[in-house]
Amino acid sequence: MASAKVFVLRTCDGETFEIDESVAYVSETIKNMIEDGFGHDLIPLPNVSSKILLKVIEYCRKHVSNFESSKKTSNGDEKDKDNDSWKKEKEAVPEVEKDAEEKARVEELKEWETTFIDIDQQVLFDLLQAANYLNIKGLLVMAAEKAASMIRGKTPEQIRETFNIKNDFTPEEYEDIRKKDAMNDFTPEEYEEIRKKIADNHFTPEEYEQIRKENAWAIE
Amino acid sequence: MSSLRPDLKGRIWPEPEREPGLDTESEVEIDHFDRLPDSLLLIVFNKIGDVKALGRCCVVSRRFHDLVPQVDNVVVRVDCVISDDDSSSGAATADKNRGAFSNFVRFVFGGIVKPLQALGQFLGPKKNLSTSTASSSGFGGGSGAGLGGGEEDDTEASGVTHHSPTQVLKNFNEIRRLRIELPSGELGIDSGVLLRWRADFGSTLDNCAILGASSVLSPGTAKSDTGGGDALYVGGNGDDNGNIPESFYTNGGLKLRVVWTISSLIAASARHYLLQPIIAEHRTLDSLVLADADGQGVLCMSREQLEELRVKPLSASTASRRTLVPALNMRLWYAPHLELPNGVVLKGATLVAIRPSEQPASTKKDSSDCSWVSAAFEEPYGTAAKLLVKRRTYCLEMNSF
C-alpha cells in the first residue's frame with residue numbers, strides 16, 4: 001500500500017498534531033476542508049485546545065482501528081445474510097467463531113468507551129463542543145449520552161447542583177411550573193418504593209385447557 | 001484554570017475557584033451548560049429519553065424549560081395498567097347469534113388476555129403510600145377509562161393520582177421517536193413457554209410475526225434430553241423432513257398455537273386502539289413503538305403507517321376496546337426440536353407469519369417473501385425464525401374478529 005497521507009492540525013494554543021488521512025477523515029469538518037483543498041499546509045482549529053484535540057484524536061484512532069477489525073469479523077456474516085449458509089450445518093462452526101470474535105470486539109469497544117468518557121465536566125463539555133464543531137457524529141453521540149446519563153435519575157435540585165445551574169424562576173413561576181410540568185419530583189429511590197407496591201397485572205391461563213377442547217381448524 | 005492540568009483518566013470533581021472580584025454570594029463554580037448553544041443542549045436532551053427525567057428538567061431553569069418541549073425522542077415507561085375487569089363478563093354473554101368462531105374469540109378475550117383499557121403512571125405529590133390497597137384500588141373498579149381519561153380520580157383512595165401517557169406527553173410538541181413501555185406483557189403464559197410477537201399496524205394490521213415454543217432448554221440441559229417425546233427427532237435440525245408430526249394435531253399442539261396466535265393478535269390490536277389519541281395529537285411522529293418490559297410483544301408504526309391512520313381511522317371491534325383484526329392469511333412453520341447456534345434448544349418451536357387476506361393493490365410484496373419475518377425478532381430468536389422459515393410451510397386462514 002502506498003504511504004498514507006498525513007495531515008497537520010494546529011490548535012488554538014499553537015500546538016501541532018500529525019494524523020493519518022483515515023484518522024482525519026473521521027471528522028466531517030476536516031474532511032471537507034481537505035477536499036476543498038486546504039490540507040496542504042496546517043489545518044487550523046481555532047476552536048479546539050490541544051488537550052481536547054488529544055482526546056479527539058484518541059477517539060478517531062480507535063474508531064479507525066475498530067472499523068478495520070470489524071470488517072474482518074463480520075465480513076463473512078454480511079455476505080452470507082441471504083444465501084445458503086443457514087441450510088448447511090457444516091458451515092455453522094466458522095459462523096459461530098466469527099460471532100464470538102465479533103462479540104469480543106463489541107465488548108472491548110464498550111469497555112474502551114466507558115473508560116474514555118469517564119472525564120470531568122469541563123472536559124466533557126469541551127469534548128461535546130469539539131465534536132460538534134468537528135462534526136464527528138460518534139463522539140458527539142457518546143458525549144451527549146454521557147451528559148444525559150448525568151441528568152437522568154436526579155431531582156431538579158440535584159441536577160442544578162451537579163451542573164451549577166441557577167434556578168432563575170421567580171417563586172411564583174416556579175410553583176406554577178412545578179404543578180403543571182414536573183409531574184414527578186420523586187427521587188429515584190422513592191420512586192422504586194412506589195413501584196414495588198404496585199402488583200404486577202399478570203393473567204393466568206387456566207382457560208387454555210378449556211379452549212383446547214373446542215373448535216377444529218382447517219389447514220390446507 | 002483547570003484546563004492546564006494533565007488529562008486524567010479518573011473522574012475529578014471541579015474544584016471551586018476563588019478569584020478576587022468574583023461575586024462570591026452566587027455560586028463560584030461554572031455552569032458548563034452556559035457554554036453550549038441551544039442546539040447542543042437539545043442534542044443532550046434528546047439522549048435522555050425518559051419522560052420523567054425530562055419533566056424534571058423542565059423545572060431546573062428557564063432555559064431548560066423552554067427547550068424541553070422541542071425534544072424529539074421520548075420514552076414513556078408506564079407503571080401500571082388498568083384493565084376493565086367488568087367488561088369480560090359482559091362480553092361473554094353478548095350476541096349469541098354470532099358464529100362459533102366469534103364466540104370462541106370472545107371467550108378467549110374474556111379469559112386469557114385482558115387487553116389494556118388504560119395506561120397509567122403513578123405520579124403526583126408525595127403522599128402517604130403505606131396503604132397497601134394501592135394495588136387493588138388501582139386496577140379494575142370498572143374504570144375502563146382508556147388513555148385519555150386517566151386523570152380521573154379512581155385511585156385517590158390509595159393516595160396517589162395517576163396520569164396517562166397522553167397527559168404526560170402534552171408538553172412535547174415535536175416528538176419524532178416515541179417509545180412506550182408497559183411494565184409487562186399482557187399475555188399470561190405458563191412459565192417455560194416462549195411467546196413473542198411483533199405487529200406492524202397502519203389503519204389496520206399490516207403484518208404480524210409470532211414466535212413460540214412450548215419449552216426452552218438452556219445449553220447443557222438439552223444434552224440430557226433423550227428426545228423421547230417425539231418420534232421424528234433424530235438429532236440435528238435438518239434431518240427430519242420438515243413436516244409436522246401427526247401427534248401435533250391430536251395432543252393439543254395445534255390448538256395451543258392457535259390460542260397463542262389469537263391472544264397475540266388481541267393484545268396487539270388492543271394496543272393499537274389505545275394509541276389513537278397520542279397519534280392524533282403528535283403529528284410530527286416518525287416512529288411509534290409500544291413494547292413491554294418482558295419483551296413479549298412489540299407494536300410498531302412507521303411514519304407512513306401513522307399518516308394512514310390519521311387519514312383513514314381504524315375500525316373498532318364491537319365487543320371490546322380494540323381495533324378490528326381483518327381477515328388473515330397465515331403461514332406457519334414448526335419444529336419439534338430446534339437447536340440454536342448458541343446452544344439453546346426450543347421444543348415445539350413455532351413461527352407464524354400473518355398478513356391480511358386483502359392486500360392493497362399498491363403492495364408489491366411477493367406473498368412468499370419471508371425476510372420480514374426473520375427480521376422481526378431480536379437475537380437469539382431472529383436466528384430461530386430464520387431456521388424455521390426453511391422448513392415446510394403450512395397455510396391457514398382466519399376470519400376477521
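Start with chain B: its accessible surface comes to about 17,300 Å², and 50% of that belongs to carbon and sulfur atoms. The model is predicted, so keep a colouring by pLDDT at hand.

**Chain B as a whole**

Select chain B and show it as a cartoon. The chain has 13 helices and 13 strands. Of its 401 residues, 53% count as buried. Now turn to contacts within chain B between residues at least 6 apart in sequence: 73% of these join residues at least 24 apart.

**Chain A by confidence**

Select chain A and colour by pLDDT. The average is 77, and 68% of the residues score at least 70. Which helix of chain A has the highest confidence, and which the lowest? Helix H6 (residues 137-151) is at the top with a mean of 95, and helix H10 (residues 207-212) is at the bottom with 45.

Two stretches of chain A deserve a separate selection. Over residues 76-93 of chain A pLDDT stays under 50, and the model has 13 contacts for this stretch beyond four places in sequence. Over residues 207-220 of chain A pLDDT again stays under 50, here with 31 contacts beyond four places in sequence.

**The start of helix H3 in chain A**

Select Ser50(A), which is in helix H3 (residues 50-80) of chain A. Ser50(A) has a relative accessible area of 12%, and because the limit for buried is under 20%, Ser50(A) counts as buried. Show what surrounds this serine: leaving aside residues up to four places away in sequence, Ser50(A) touches Thr11(A), Asp13(A), Glu15(A) and Phe17(A).

Next select Lys55(A) and Phe116(A). The lysine lies over the face of the Phe116(A) ring, at 4.2 Å from the ring centre.

**Aromatic rings between the chains**

Over all chains there are 10 aromatic pairs. Select Phe125(A) and Phe33(B) to see one of them. Their ring centres are 4.9 Å apart and their planes stand at 85°, so this pair is edge-to-face. Phe125(A) is in helix H5 (residues 121-134) of chain A, while Phe33(B) is in the segment before helix H1 (38-48) of chain B, so the pair joins two chains. Are these two rings buried or exposed? Phe125(A) is buried, with a relative accessible area of 0%, and Phe33(B) is buried too, at 1%.

Keep Phe33(B) selected and add Phe163(A). Here the ring centres are 4.7 Å apart and the planes are at 55°, so the pair is tilted. This pair also crosses between chains, running from Phe163(A) in helix H7 (residues 156-163) of chain A to Phe33(B) in the segment before H1 of chain B. Phe163(A) counts as buried, at 0% relative accessibility.

Extend the selection to Phe45(B) and Phe64(B). Together with Phe125(A), Phe163(A) and Phe33(B), these residues form one aromatic cluster.

**Backbone exceptions**

Most residues other than glycine have a negative phi, and most peptide bonds are trans. Three places in this model depart from that pattern.

Select Asn135(A), in the loop between H5 and H6 of chain A. Asn135(A) is not a glycine, yet its phi is positive, at about 55°. At 39% relative accessibility, Asn135(A) counts as partly exposed.

Then move to Asn164(A), in the loop between H7 and helix H8 (171-182) of chain A. Its phi is near 60°, again a positive value in a residue other than glycine. Asn164(A) counts as buried, with 12% relative accessibility.

In chain B, select Glu379(B) and Pro380(B). The peptide bond from Glu379(B) to Pro380(B) is cis, with omega near 0°. Pro380(B) is in the loop between helix H12 (371-374) and helix H13 (381-389) of chain B.

**Cysteines**

Finally, show the cysteine side chains. How many disulfides are there over all chains? The search of the whole structure finds zero. Select Cys60(A): the closest cysteine sulfur to its own is in Cys12(A), 17 Å away, which is too far for a bond. Cys60(A) counts as buried, at 4% relative accessibility.

End at Cys58(B), which is in no disulfide; the nearest cysteine sulfur is that of Cys57(B), 7.6 Å away. Cys58(B) counts as buried, at 0% relative accessibility.

Notes
Residues numbered from 1 in each chain as written. Chains lettered and ligands numbered in written order. Predicted model: local features only at pLDDT ≥ 70, side-chain atom pairs only at ≥ 80, totals over all residues. Heavy atoms only, no water. pLDDT = per-residue confidence, 0-100. Helix = DSSP H or I, 4+ residues; strand = E, 2+ residues; numbered from the N terminus. Contact = heavy atoms within 4.5 Å. Buried < 20%, exposed > 50% of the residue type's maximum accessible area, 1.4 Å probe, protein only. Phe/Tyr/Trp six-rings, centres within 6.5 Å; stacked < 30°, edge-to-face > 60°. Lys NZ or Arg CZ within 6 Å of the ring centre and 35° of its normal. Areas by Shrake-Rupley, 256 points an atom, 1.4 Å probe, with all protein chains shown as cover. Disulfide = S-S within 2.5 Å.
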